[in-house]
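Visitor: I should like to be taken through this structure, with the reasoning behind each label made explicit. Please begin once it is displayed.

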Amino acid sequence: MAISEYTKKIILVDDEKDIRDVLEITLADMGYHVFAAGNGKQALELFRTEMPQIVITDIKMPGMDGIEILRNIKNENPDTEVIMITGHGDTDLAIKSLKYEAIDFITKPISDDALEIALKRANEKIITRRQLRKYTESLEKLLREKSELQDHLSSLGIMIGSISHGIKGLLTRLDGGVYLVESAHTNKEYDDIGEGLDILKETVTRIKKMVLDILYYAKERDLKLEKVNVLQFAGDVAVVIEQKIDDQHIEFHRDFGQDNIECEMDAEFFHSALINILDNAIDACTEDRSKASHKIIFSIRQDNENVIFEIHDNGIGMDTKTKENIFNLFYSSKGSKGTGFGLFISNDIIKQHRGTINVNSVAEKGTYFNIKIPKQHIENK
Amino acid sequence: MENKKILIIDDDQAIVKYLEKLFNNNGYDTILAHDGLEADDIVKETTPDLITLDLDMPREWGTRFYRKLTKKKECKDIPVIVVSGMAGRDHSIKKAVGIFGKPFDPDKLMATVKETIG
């Protein structure tokens, strides 16, 4: 019969050898692979090694009886179907066995028909259970996919919201820059033209940065690793920052040491990661109006395996809420100036380099970033 | 007669300069604040005729400043115009005489200002 192909193994338990022998032949004829046991102990041992889906057991046996075998088996693997063999007048025991979830019981002397009906019932239950599990699993998978899709959609929604908010601010700045230039022109206040142009230039830089951030987010690529001379690399980063703070009252210190350090990294990505953090340091200083002078220190150290980049600033610092959220996408404490991309991307890049980023910050006092990446890139295990 | 005074509150320096020039060109004096806390100090000493308020600012949100402002007897009648990228999303500025999303139309903004304080 077709269903038996799933349920080849059966354990047959009876203390009477004659009954065992006859049933074994009948079951073997039906296509089952039969393991016979003369007592409960032996039956449970076989059950554990053979892991059959069906067990047929006599209900009344010396020592461990059928009910106990049933309870043990259901306890160890509830999916196993157990058929009880009962004598005449064992109705109470038969009903008790159903309570413990035996699938059926057959009465001695055992007719082939009764045996076949009980086995059919057991097999049907096994197949139904298997199908149910399959359906449940695919339903769970669908639900998981649905919730992932929802997450994607909602983060896409947040992203579009955040970007359009940023763009609105940038457009207003462009309007402003153009208005200032026009106004200076109309009023013949030519000295004021520079002010408008500066705003336009800075805004264009911000737009470029924003577009690059969006592109980075939209298209995550693998690292392009190369051996990099760290001093030279850090020098390039420092130059960009020095240009940015050119006309603001912030001191910028390079503390690079003399060691020649080589490090395997994606220089382009890692450059962005550090620039984002240093940009924040500049913003933290410009925003802070409580101190007369501001300072950013950019230092490099190494230990046996790692290069360590440190960035100190004595700017505005962060409150607890900001500290907890700085690496979250779209979180920004910078009002209309922030998009919430910067540190999220930095963190991502540093993680891709199998590095760590730690931050220590005290509101009003300043912020310290510690970025550590291995000199030799560690492949993903 | 003295010019009317407008207090501009926005964290973006560029937008502050833009609004300042726009209002000056139209014959108004301006006072500048880069966030709500700075604006707090200003309204303690002087009473502007009108305030333009950004909502999304670091340190303190525009809505919070607004709430504090309307609690002060001598300030609660100062007309407020919201100029913000977040405009439309916030309902706590109910009594604003105008709500402008960024980027705003300068002619419409000026029309609202003139209508409000002449």
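Guide: We may start with chain B of this predicted model: of its 118 residues, 42% are buried.

Visitor: What makes a residue of chain B count as buried?

Guide: The label requires 20 or more other C-beta atoms within 10 Å of the residue's own C-beta. In chain B, 42% of the residues meet that condition and are therefore called buried.

Visitor: Which elements does chain B contain, and in which pattern do they follow one another?

Guide: Chain B has four helices and five strands. Along the sequence they appear as β-α-β-α-β-α-β-β-α. Of the contacts in chain B with a separation of 6 or more, 58% join residues 24 or more positions apart.

Visitor: How many residues does each chain bring to the contact between chains A and B?

Guide: Chain A supplies 21 residues and chain B supplies 19. On the side of chain B that touches chain A, helix H1 (residues 13–25) of chain B gives the most, with seven residues. That side of chain B comprises nine nonpolar, three polar and seven charged residues.

Visitor: Turning to chain A, why is A:Lys365 called partly exposed?

Guide: A:Lys365 has 16 other C-beta atoms within 10 Å. A buried residue would need 20 or more and an exposed one 12 or fewer, so the value of 16 places A:Lys365 in between, as partly exposed.

Visitor: Where does A:Lys365 lie, and which residues is it in contact with beyond its neighbours within four places in sequence?

Guide: A:Lys365 belongs to the loop between E11 and E12 of chain A. Beyond those neighbours, A:Lys365 is in contact with A:Asn314 and A:Gly317. The C-alpha atoms of A:Lys365 and A:Gly315 are 6.4 Å apart, although 50 residues separate the two along the chain.

Visitor: How do you know that strands E11 and E12 of chain A pair?

Guide: Pairing requires at least two bridges. Strand E11 (residues 356–362) and strand E12 (residues 366–374) of chain A have seven bridges in the antiparallel sense, and therefore they pair. In one of these bridges, A:Asn360 has A:Tyr368 of E12(A) as its partner. E11(A) and E12(A) form a hairpin with three residues between them, and A:Glu364 in the turn has a positive phi of about 75°.

Visitor: What makes E11 of chain A an edge strand?

Guide: The open sheet has five strands in the order E7-E9-E10-E12-E11 (chain A), with mixed pairing. E11 and strand E7 (250–255) of chain A each pair on one side only, and these are the edge strands. Neighbouring strands of this sheet are turned by 10° against each other on average, direction ignored.

Visitor: How do you know that the span of helix H1 of chain A is close to the expected one?

Guide: Helix H1 (residues 17–29) of chain A has 13 residues and reaches 18 Å from first C-alpha to last, close to the 18 Å expected at 1.5 Å a residue. Just after H1(A), A:Gly31 takes a positive phi of about 105°.

Visitor: Where in chain A does pLDDT stay under 50?

Guide: That applies to residues 1–5 of chain A. Where pLDDT is low, the predicted coordinates should not be read in detail. For chain A, the mean pLDDT is 88, and 94% of the residues reach 70 or more.

Note on methods:
Residues numbered from 1 in each chain as written. Chains lettered and ligands numbered in written order. Predicted model: local features only at pLDDT ≥ 70, side-chain atom pairs only at ≥ 80, totals over all residues. Contact = placed C-beta atoms within 7 Å. Helix = DSSP H or I, 4+ residues; strand = E, 2+ residues; numbered from the N terminus. Nonpolar A, V, L, I, M, F, W, Y, C, P; charged D, E, K, R; others polar. Axes fitted to C-alpha atoms, helices over the stretch in contact; angles between N-to-C directions. Expected span 1.5 Å × (residues − 1). pLDDT = per-residue confidence, 0-100.
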